[in-house]
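These are my notebook entries on one structure. I looked up its salt bridges, one serine and one sheet.

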Amino acid sequence: MPSDAAVPRDNDSAPQSRSPSPVGSDSLTLRALVSTKDAGVIIGKAGKNVAELRDQTGVKAGVSKVIPGVHERVLTVTGTVEGVAKAYSLIVSQLVSASPSSPTMSPTSSPTTAIRLLISHNLMGSVIGRNGLKIKAIQDSSGARMVASKDMLPQSTERIVEVQGSSESIGRAIEEIGRCLLEDWERGVGTVLFHPGAGEERSGRRTHPTNRRSNGDVRRTSPSPSSPSSSPPTNLRTQNISIPSDMVGCIIGRNGTKITEIRRLSGSKISIAKEPHDETGERMFTIVGTPEANEKALFLLYNQLESEKERRVGRDQQQQEELQD
């Protein structure tokens, strides 16, 4: 597992959770962004804390390797929804205990903190719900506060959902979030994982190829270094993503200019279904290429979607202002 350092080493045998099939749909992998300092608390001396966490909850847990100059690491927890929620609740308790000066809501309230979950852009709708009703319901039932970021993290298609509150309320919220993710796991297929420091690399390419799946993420592998450069790639992958019908035009562009540019920049072949594939009205995009090419294509596609959404929001705001004048 090149991108995630297991502590201790037995985390290398973590199950391939959230594989894109109903068979593995009872197993959840939930990632979170933590500071290097907090990662040390989570791991504990000689891996003591993370080992106890596994024993108490039955989850698999690990933290990504330290990258020089980067002050964040990725915590990955895999198990049942209940186990993952309990694990995060225990982790939050550890972090609060290790930082007694953490802000609290009031002198008489339980100590509060926050955990930054990494959620696939495609799954954010499942967590937020129509008109924000789902996220409001989760907040009301759990007692935690949730703040969803609008932007995807650099060179990825993941966004942050910050869950704030006591360890108990965060645990309750994460259990509800986990159920939402499992219910719509298919939407997470094709997620490009965030790696701290990836956006700062001069080459513009991530140097952390992985061979695991998380939250329905696609399996990605490194190309064989022994393959002759003149030979056609042998590690082609096919990925499917769903795009709302009203957004398809902005991705294709006038006379197909934008989709042609995405194909050229990524090196992947991209085909678009002519008709929606189900009652959601979404159209299927099929991407075929090497793992690296597909990752680039997904990044470009999602960036185009975000740009269009921002343009539409700006247009709507302008129209509202004009109506008010």
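**Entry 1: a term to settle.** Before reading any pair, I noted that a salt bridge is a side-chain nitrogen of Lys or Arg within 4 Å of a carboxyl oxygen of Asp or Glu. With that in hand, I looked up Lys-48 and Glu-52, whose side chains meet in a salt bridge at 2.9 Å, N to O. I also noted that the model is a predicted one.

**Entry 2: the setting of this pair.** I checked where the two residues sit. Lys-48 and Glu-52 are about one helical turn apart, because they are separated by 4 residues in helix H2 (residues 48-57). I then asked whether Lys-48 is buried, exposed or partly exposed. Lys-48 has a relative accessible area of 47% and is therefore partly exposed. Glu-52, at 32% relative accessibility, is partly exposed as well.

**Entry 3: a second pair within a helix.** I looked up Glu-175 and Arg-179, whose side chains form a salt bridge at 2.7 Å, N to O. Both residues belong to helix H6 (residues 167-183), and because they are 4 residues apart there, about one helical turn separates them. Glu-175 is partly exposed, with a relative accessible area of 24%. Arg-179 is also partly exposed, at 36% relative accessibility. I recorded that this pair does not stand alone: salt bridges with shared partners join Glu-82, Glu-175 and Arg-179 into one network.

**Entry 4: a pair between strands.** The structure holds 8 salt bridges, and I chose one more of them. Which residue forms a salt bridge with Glu-158? The partner is Arg-31, and the closest N and O atoms are 2.9 Å apart. Glu-158 lies in strand S7 (residues 158-165) and Arg-31 in strand S2 (residues 28-35), so this salt bridge ties together parts that are 127 residues apart in sequence. I then compared accessibility with the cut-off for buried, which is under 20% relative accessible area. Glu-158 counts as buried because its relative accessibility is 2%. Arg-31 is buried too, with a relative accessible area of 1%.

As a general note, side chains of opposite charge can pair when their charged atoms come close.

**Entry 5: a serine in a helix.** I next looked up Ser-266, which lies in helix H8 (residues 257-266). Ser-266 counts as buried, because its relative accessibility is 9%. What lies 2.8 Å from a polar atom of its side chain? I found the backbone oxygen of Ile-262 there. Leaving aside neighbours within four places in sequence, I listed the contacts of Ser-266 as Ala-293, Lys-296, Ala-297 and Leu-300.

**Entry 6: a sheet and a helix across it.** I traced an open sheet of 3 strands, in the order S8-S10-S9, with antiparallel pairing. Its edge strands are S8 (237-244) and S9 (269-272), each of which pairs on one side only. From one strand to the next, the twist averages 20°.

As a general note, strands of a sheet pair through backbone hydrogen bonds, either parallel or antiparallel.

I then asked how many bridges join S9 and S10. S9 and strand S10 (residues 282-289) pair in the antiparallel sense over 4 bridges. For one residue, Lys-269, I recorded Val-288 in S10 as the bridge partner. Last, I looked up helix H9 (residues 291-324), which lies across S8, S9 and S10 and runs at about 5° to S8.

Key:
Residues are numbered from 1 along each chain as its sequence is written. This is a predicted model: local features need pLDDT of at least 70, side-chain atom pairs count only at pLDDT 80 or more; totals for chains, interfaces and linings use all residues. Side-chain values use heavy atoms; hydrogens and water are left out. Two strands pair if DSSP finds at least two bridges between them. Helices (H or I, at least four residues) and strands (E, at least two) are DSSP runs, numbered from the N terminus. Axes are lines fitted to C-alpha atoms, for helices over the stretch in contact, and angles run from 0 to 180 degrees between N-to-C directions. Contact means heavy atoms within 4.5 Å. Buried means under 20% relative accessible area, exposed over 50%, partly exposed in between (1.4 Å probe, protein chains only). A polar contact is a pair of N or O atoms within 3.5 Å; within protein, one must be able to donate a hydrogen and the other to accept it, and residues adjacent in sequence count only if both atoms are side-chain atoms.
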